[in-house]
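Please open the model in your viewer and keep the sequence panel beside it. The stops below say what to select next and what is there.

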Amino acid sequence: MSRVRRFVRTSVLGGLVVLLPVGVLLIVFNWVYGSLRDLLKPVTDQVARQIRESLPTSIYSWAVDFAAFLIVLSVMVAICFLTGVLLKTALGRWFHNRIEEYVLKLAPGYNLVKETVLQFFGDKPSPFKTVAFVRIFGNDTPTMVTAFVTERHSNGWFTVFVPTGPNPTSGQIFHVPGECVAILDEKVEDVMRSVISCGAGSDKLMFSYDRRSAPAAASD
């Protein structure tokens, strides 16, 4: 019974860690979109009048809604762009640091969302330079895990980080001998997407591993 309770608790917490940031993003996006839609209503109404004059009545409603969506989305993208430009200035960075320290960090899941976004789109250098398949239980087992090499040691051993999907910011650290590590010629960003997708898209990793193993098999 204790194992069942522990399994349920960890499963619920794991799901919460993943879904909470997504929920926060959706709520914020919906709020921003709704606010901009109300603010831009005079513009969208003007566009609606132009559409009424040039389109048949059968598709008028759909066209108006789609045009309003494009206008609001374009404004949101423009605001994001201008905000990014502002953050490149000293005043913008100072203002952002104050807002982040006293407001944004209080939002549930903010740090997780921020780190994940920076891994894909930010200028922050990734601590992961190399992707590998690793036999964490030694060469006696065929089981391999997807891992990021974080350090190579002078004695031939590797330190690797094995992420847990779908949250790549958590995982475990292992120290393994070099013969248990198969370095893959794949981009870290692509592997991150596979981890977030719970292993979906691993065909490229397997192909890279097979291609790496092919010369060794041929030589034998």
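## Starting in the sheet

Select T130 and then V149, for V149 in strand 2 is the bridge partner of T130. Bear in mind throughout that what you are looking at is a predicted model. Widen the selection to strand 1 and strand 2, which run antiparallel and are joined by five bridges.

From there, select strand 3, which runs antiparallel to strand 2 and is joined to strand 2 by four bridges. To see one of these places, pick F148, whose bridge partner in strand 3 is F161. At the hairpin of strand 2 and strand 3, where four residues lie between the strands, select G156, which takes a positive phi near 90°.

Next, add strand 4, which is joined to strand 3 (residues 157-164) by eight bridges, the two strands running antiparallel. Here V162 is a useful residue to select together with Q172, its bridge partner in strand 4.

Now show the strands together: five of them form an open sheet in the order 4-3-2-1-5, and the pairing is antiparallel. At the edges you will find strand 4 (167-177) and strand 5, each of which pairs on one side only. If you look along the sheet, the twist from one strand to the next averages 40°.

Then select helix 6, which packs on the sheet and touches strand 1 (130-134), strand 2 (145-152), strand 3 and strand 4. The direction of helix 6 makes about 140° with that of strand 2.

## The two salt bridges

The structure holds two salt bridges, and the next stops visit each in turn. Which residue meets K204 in a salt bridge? Select E186, since the side chains of K204 and E186 meet at 4.0 Å, N to O. This pair links distant parts of the chain, with K204 in helix 7 (residues 203-219) and E186 in the loop between strand 5 (181-184) and helix 6 (188-196), 18 residues apart.

Is E186 buried or exposed? E186 counts as buried because its relative accessible area is 18%, and buried means under 20%. K204, by contrast, counts as partly exposed, at 47% relative accessibility. Leave E186 selected and show what surrounds it: not counting residues up to four places away in sequence, E186 touches V131, V191, K204, L205, S208 and R211.

For the other salt bridge, select K41 and D45, whose side chains meet at 3.1 Å, N to O. Both residues lie in helix 2 (residues 41-54), four residues apart, which is about one turn of the helix. K41 is partly exposed, with a relative accessible area of 46%, and D45 is likewise partly exposed, with 31%.

## A nonpolar patch on the surface

For the last stop, switch to a surface display and select L91, W94, F95, I99, Y102 and V103, which form a nonpolar patch with about 680 Å² of accessible area together. To look at one member of this patch, pick L91, which is placed in helix 4 (residues 90-102). L91 counts as exposed because its relative accessible area is 62%, and exposed means over 50%.

Note on methods: Residues numbered from 1 in each chain as written. Predicted model: local features only at pLDDT ≥ 70, side-chain atom pairs only at ≥ 80, totals over all residues. Heavy atoms only, no water. Patch = residues over 30% accessible without salt bridge, like charges linked within 9 Å, V, L, I, M, F, W, Y side chains within 5 Å. Areas by Shrake-Rupley, 256 points an atom, 1.4 Å probe, with all protein chains shown as cover. Buried < 20%, exposed > 50% of the residue type's maximum accessible area, 1.4 Å probe, protein only. Contact = heavy atoms within 4.5 Å. Pairing = 2+ DSSP bridges. Axes fitted to C-alpha atoms, helices over the stretch in contact; angles between N-to-C directions.
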